[in-house]
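Okay, thanks everyone, let's get going. I'll put the structure up and then talk you through the parts I looked at.

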Amino acid sequence: MKHLVRDTNEAYWLAQDILRDDAVGIDTETFGQDPWHPKAGLMPWNGAAMSGLSVGVNGQGYYLPIGHRLGQQATSYAIDHVIRALNETPAQHVMHHAQFDWAVLEQLLPRAVPGITPFRWRRNT
């Protein structure tokens, strides 16, 4: 089951799960496939725009809508709270396409949510 995370209460509980588990799956959702050349708008023909962040932890899936219509997206505080937990957890970060996801989090997340805590990617050894 996938849970929708849009407010601070939902983000708080997700952050607690992230901090308790030993592995966290991270997947970025985008419009477009080139995070190194961000574009504005919903469906850019080249470049990319961030639409959401999926997190898998403790056997559950969570989705934070980021590039959605106003009223349907997660609050900036909720997103920041989850990013801080991802940065602080000793858990292993698991990504399917790590280079792309890292680039999206580094390049597109700050554009989508100004003032957000930067995501710190750790290579797992």
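**Helix H2 and what it packs against**

So, starting with H2: its buried residues are Ala78, Ile79, Asp80, Val82, Ile83, Ala85, Leu86 and Asn87. Before I go on, please keep in mind that this is a predicted model.

The helix has 13 residues, and from its first C-alpha to its last it reaches 18 Å, close to the 18 Å expected at 1.5 Å a residue.

Looking at that buried list, remember the helical repeat: an α-helix has 3.6 residues a turn, so residues three or four places apart point the same way. Keep that in your head while we look at the partner helix.

How do H1 and H2 sit relative to each other? Their axes come within 9 Å and cross at roughly 5°. Anything under 35 degrees counts as roughly parallel, and H1 and H2 are therefore roughly parallel to each other. On the H1 side, the contact is made by Thr8, Ala11, Tyr12, Leu14, Ala15, Ile18 and Leu19. From H2 you get Tyr77, Ala78, His81, Val82, Ala85, Leu86 and Glu88. Sorted by class, this contact has 11 nonpolar, two polar and one charged residues.

Next, the core. In soluble globular proteins, nonpolar side chains tend to be buried together. Here the largest nonpolar core has 31 residues, and those touching the most other members are Leu14, Ile18, Leu53, Leu64, Ile79, Leu86 and Leu109. Which elements give two or more residues to this core? They are H1, S2, S3, S4, H2 and H3. The largest share, six residues, comes from H2.

Let me zoom in on two of those core residues. Leu86 lies in helix H2 and is buried, with a relative accessible area of 1%. Its C-alpha is separated by 8.1 Å from that of Val24, and the two residues are 62 apart along the chain. Then there's Leu109: leaving aside neighbours within four places in sequence, Leu109 is in contact with Met50, Ile66, Ile79, Ile83, Val104 and Ile116.

Last one, and we're over in the strands. Is Ser51 buried or exposed? Ser51 lies in strand S3, residues 48-57, and with a relative accessible area of 7% it counts as buried. Again skipping neighbours within four places, Ser51 is in contact with Glu29, Thr30, Phe31, Tyr63, Pro65, Ile66, Gly67 and His68. Ile66 also turned up among the contacts of Leu109.

That's it from me.

Technical notes:
Residues are numbered from 1 along each chain as its sequence is written. This is a predicted model: local features need pLDDT of at least 70, side-chain atom pairs count only at pLDDT 80 or more; totals for chains, interfaces and linings use all residues. Side-chain values use heavy atoms; hydrogens and water are left out. Axes are lines fitted to C-alpha atoms, for helices over the stretch in contact, and angles run from 0 to 180 degrees between N-to-C directions. Helices (H or I, at least four residues) and strands (E, at least two) are DSSP runs, numbered from the N terminus. Angles under 35 degrees count as roughly parallel, over 145 as roughly antiparallel, 65 to 115 as roughly perpendicular and the rest as oblique. Contact means heavy atoms within 4.5 Å. Ala, Val, Leu, Ile, Met, Phe, Trp, Tyr, Cys and Pro count as nonpolar, Asp, Glu, Lys and Arg as charged, and the others, Gly among them, as polar. The expected span of a helix is 1.5 Å times one less than its number of residues. Buried means under 20% relative accessible area, exposed over 50%, partly exposed in between (1.4 Å probe, protein chains only). A nonpolar core is a set of buried Ala, Val, Leu, Ile, Met, Phe, Trp, Tyr and Cys residues joined through side-chain atoms within 4.5 Å.
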